[in-house]
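User: Please take a close look at the annotated binding site in this model. I would also like to know what lies around the site and what the cavity and pocket search gives.

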Amino acid sequence: MSSLIVRGAPQEYVFAEGALSELEERLLTRKYKRVLVVHGHASWQAIASFWPELKEVEATYEAYAGQCTITEMKRLADRALDGNFDALIGVGGGTLLDTVKGAAHLLSQPYLLIPTLASNCAPWTPISVIYNEEGVYTHFDVYEQNASLLLVDPHVLLTTPRAFFLAGIGDTLAKWYEADVQLRAITDKRAALDISYYAAQLCQSVLLEKSEESIKSLADKKGSSAFCKVVEAIIMLGGMVGGFGDKYGRIAGAHSIHNGLTAIKETHDVLHGNKVAYGILVQLALEKKWNEIEQLIPFYYKVELPTSLVDLGINVGSADLNAVCKKATMEGESIHVMPGVMNAGDVRKAIDQIEEINKNRPV
């Protein structure tokens with residue numbers, strides 16, 4: 001086994017109702033007197049009523065461009081450099097948080113993250129998933145620096161749009177299947193890999209058991225134990241899988257399928273987690289785990305995750321699926337951590353098999 005780098009967690013993690021009221025105190029403890037607060041438009045609307053008055057900390061507010069690109073990271077880094085800020089604060093969903101992480105990395109500057117969506121593990125991980133200006137995935141970067149503080153208020157996350165929450169469930173469910181395909185083959189695991197594997201198993205068990213109840217809590221805008229458990233599975237447990245597992249616990253076939261799907265323009269507005277959820281099924285088909293697929297699809301139906309290309313808004317007749325398969329199997333793609341040789345033809349066959357299964361889906 002090659003080297004293993006553990007980036008297990010933010011320096012400090014707070015998950016509590018009313019956590020934002022402690023923001024200024026925690027900034028002052030860190031001696032951050034001037035901060036650049038980067039936010040999105042929808043995310044600021046979601047958090048505005050929870051945002052505390054900062055009396056001793058000078059905050060400057062900056063909207064981001066809406067996509068995690070190298071260009072936007074550099075723009076925010078330049079903005080932060082010009083303002084001589086002590087730290088950056090990212091307020092929003094995963095794409096915004098990834099952008100702030102990248103900007104902070106360019107400056108070697110501390111950053112704090114406050115998620116407004118429960119849709120992925122971006123708040124936990126020192127990783128940015130990067131796209132070009134056309135919305136096509138290009139690569140991901142792993143940084144040396146974790147967040148100085150991750151502040152999560154579950155009441156803020158009750159404002160998560162339903163579609164984003166469902167996508168978060170799909171993205172997090174992949175943690176088990178993508179970690180398992182690598183970690184099950186390592187018989188003498190180091191402690192960090194045991195933690196990663198256990199966190200991945202918890203992701204699956206919590207989501208299968210608690211997702212339906214948590215979705216109801218979200219609809220009712222009422223916090224519950226199930227909602228909090230699913231939120232922490234999405235953010236914390238999901239982040240721990242890669243944080244402790246490094247490349248052995250991060251991504252495999254499902255995310256490669258996601259990346260391949262970005263080659264089709266129709267998918268650019270499809271949420272990341274939905275494409276990953278579909279990618280789980282394709283990965284399982286590549287592994288020939290038909291029983292697992294049969295057990296998983298009813299859960300997908302219950303929580304409205306996509307099981308077919310049509311569910312993703314893709315016109316199967318006109319879409320260039322060969323481009324999807326080619327991009328998903330490019331050199332360096334994570335699909336190649338799976339056993340055996342994976343090529344575009346294998347992926348196309350697996351997609352066709354999943355589509356065939358969907359012909360018998362209930363109406």
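Analyst: The binding site comes first, then a neighbouring residue in sequence, then the pocket and the cavity, and last a domain annotation.

This is a predicted model, in which local features need pLDDT of at least 70 and side-chain atom pairs count only at pLDDT 80 or more, while totals for chains, interfaces and linings use all residues. Residues are numbered from 1 along each chain as its sequence is written, and side-chain values use heavy atoms, with hydrogens and water left out.

The unreviewed UniProt entry lists D171, H255 and H272 under "binding site". These residues span 102 residues in sequence, yet no two of their C-alpha atoms are more than 9.3 Å apart, so they gather at one spot. UniProt positions are given in the numbering used here, feature names are shortened, and annotations may be inferred rather than shown by experiment.

H255 is part of helix α9, residues 253-261. Helices (H or I, at least four residues) and strands (E, at least two) are DSSP runs, numbered from the N terminus. With a relative accessible area of 10%, H255 is buried. Buried means under 20% relative accessible area, exposed over 50%, and partly exposed in between (1.4 Å probe, protein chains only). Neighbours within four places in sequence aside, H255 is in contact with D171, E178, H272, V276 and S334. Contact means heavy atoms within 4.5 Å.

H272 sits in helix α10, residues 272-286. Its relative accessibility is 23%, so H272 counts as partly exposed. Apart from neighbours within four places in sequence, H272 contacts Y131, D171, H255 and H258. D171 is thus on the contact lists of H255 and of H272.

S256 also belongs to helix α9. S256 counts as buried, at 0% relative accessibility. Not counting residues up to four places away in sequence, S256 touches A328, E333, S334 and I335. S334 also contacts H255.

S334 appears again in the lining of the second largest pocket, together with Y137, T138, H139, F140, I251, N259, K327, M330, E331, G332 and E333. The search uses a 1 Å grid over the protein atoms alone: a cavity is a set of points where a 1.4 Å probe fits but cannot get out, a pocket is an open set with protein on both sides within 12 Å along at least five of seven lines, and lining residues have an atom within 4 Å of a point. This pocket has a volume of about 190 Å³. Strand β7 (residues 137-142) supplies the largest share of the lining, four residues. At least three lining residues come from each of domain 1 (12-158) and domain 3 (251-362); the domain bounds come from an automatic or database domain assignment.

Over the whole structure, one cavity of 30 Å³ or more is found. The largest cavity is lined by R7, T125, P126, I127, G239, G242, G243 and R250. Helix α8 (residues 225-245) gives the most to this lining, three residues. Domain 1 (12-158) and domain 2 (162-250) each contribute at least three residues to the lining of the largest cavity.

Finally, the unreviewed UniProt entry carries the annotation "domain: Alcohol dehydrogenase iron-type/glycerol dehydrogenase GldA" over residues 10-154. That span is 30% helix and 28% strand, and its end C-alpha atoms lie 18 Å apart.

Terms used. Grid points are joined across faces, edges and corners, and a volume is the space filled by probe spheres set on the points.
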